[in-house]
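Open the model in your viewer and keep the selection tool ready. The tour goes from one sheet out to the domains.

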Amino acid sequence: MSTSKAPLLINGRTCQWMDRPLVVVCLDGCEPDYITQAMQAGAAPYLREMCDSGASFLADGVVPSFTNPNNLSIVTGTPPSVHGICGNYFYDRAVDREVMMNDPEYLRAETILARFSQAGARVAVITAKDKLRKLLGHGLLNGICFSAEKAEQATLADNGIAAALELAGMPLPSVYSAELSEFVFAAGVNLMAAARPDLMYMSTTDYVQHKDAPGTPGANAFYAMIDRYLRKFSALGVTLALTADHGMNAKTDAKGDPNVIYLQDVLDEWLGRDKARVILPITDPYVVHHGALGSFATAYLPSATPADEIGAGIAQMPGIEAVLNRDSGCRLFELPPDRMGDLIIVSERHVVLGTSRKRHDLSGLDVPLRSHGGTSEKTVPLLFNRRVKSIDHSRRLRNFDVFDIALNNLQ
Ligand SMILES: [Zn+2]
């Protein structure tokens, strides 16, 4: 690693070479209050140190406040209008199919990770769930990229490492567990100690945040675990940068039942059955802890339907925060218009949007629903273990500024 190397221009941003290994962590579903409460409870002494002697900000993530759009924004330094990943799931109009958006064929920008690897940096990516692995590892040259979920299947040819499972020194956890995130940290810190990659990106899972509110024993124990690993990383002399893809809120009524507006049912009643198509970009194969319910939806309307009129009707429903047409929604949230429907709908903080009541299996919800997706979950932490040189306080900080600040703006 050499700081004399020429800076890289990546998606319009100049990136200096790191002067020591850089570890960027995306804590899935980390509502800022999780960190505040864990610090107050004395469960996160290293995070407190980061705030005191490094730098701590609040930043805006991308709306829809879901995992894939935000992770891809973070690793490209761009909004979804540039990188194209606007959900976990979307309706591909070109082939008239609803598909998962976890394949690199949907990615329209190169990643900072890929570019550094192509320029000679040693890059490692570790994700909790496998759904992000291919997108985050796209274009990596001689890099390491594996998920905790499928660590036992990692091979040198596909993942740049054969002994991913052994690396963590712990048993392979369930995909629905706090340990899946611990596995990411354990593997990461051991990899840093053994191989000292120049650049590492780690992404956890929000299993705990979907269940446990900030300040609860479960949440504090989870952040105490993270805190111990962050301290280990710090002891290895790395630059640490930490942010989140989205926050998390309770989505329940006074009785603790899910607060759901079933939009497909509403539109079926207004327009006829299945005339409109409601897409929930939260949809992914791992629905147990949120029942595919989040606070963001997009709707495709039959041609010649007055979108503004339908939008105004939805906007009047209690629990709806905003309804925008495609153009204004894509402008406001920086989304790719060709991958969004005629209407973009955001629900209020404690309300989620569904398709049809019969299509959501809520039997896996063993605790009151907590979820994300709306503007109410867009505020996330942005922490560094070094001071920043200067920050323009009038600037709107984004979670996807994390690499920019870590590479260009730390003391
Ligand atoms: Zn997430």
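Two strands pair if DSSP finds at least two bridges between them. Helices (H or I, at least four residues) and strands (E, at least two) are DSSP runs, numbered from the N terminus. This is a predicted model: local features need pLDDT of at least 70, side-chain atom pairs count only at pLDDT 80 or more, and totals for chains, interfaces and linings use all residues. Residue numbers start from 1 along each chain as its sequence is written.

Select strand 15 and strand 16 (residues 343-347). Five bridges join this antiparallel pair. Find Ala-322: Val-346 in strand 16 stands opposite.

Now show the whole sheet. It is open, with four antiparallel strands in the order 13-14-16-15. Strand 13 (277-279) and strand 15 (320-325) have a single partner strand each, so one side of each lacks a neighbour in the sheet. From one strand to the next, the twist averages 20 degrees.

Next, add helix 13 (residues 307-315). Helix 13 lies across strand 15 and strand 16, at about 175 degrees to strand 15. Angles run from 0 to 180 degrees between N-to-C directions, and axes are lines fitted to C-alpha atoms, for helices over the stretch in contact. Contact means C-beta atoms, placed from the backbone, within 7 Å.

Zoom out and colour by domain. Domain 1 covers 8-248 + 373-408, and domain 2 covers 260-369; the bounds come from an automatic or database domain assignment. Their C-alpha centres lie 27 Å apart. Which parts touch? 26 residues of domain 1 contact 27 residues of domain 2.

Terms used. Two residues are in contact if their C-beta atoms, placed from the backbone, lie within 7 Å.
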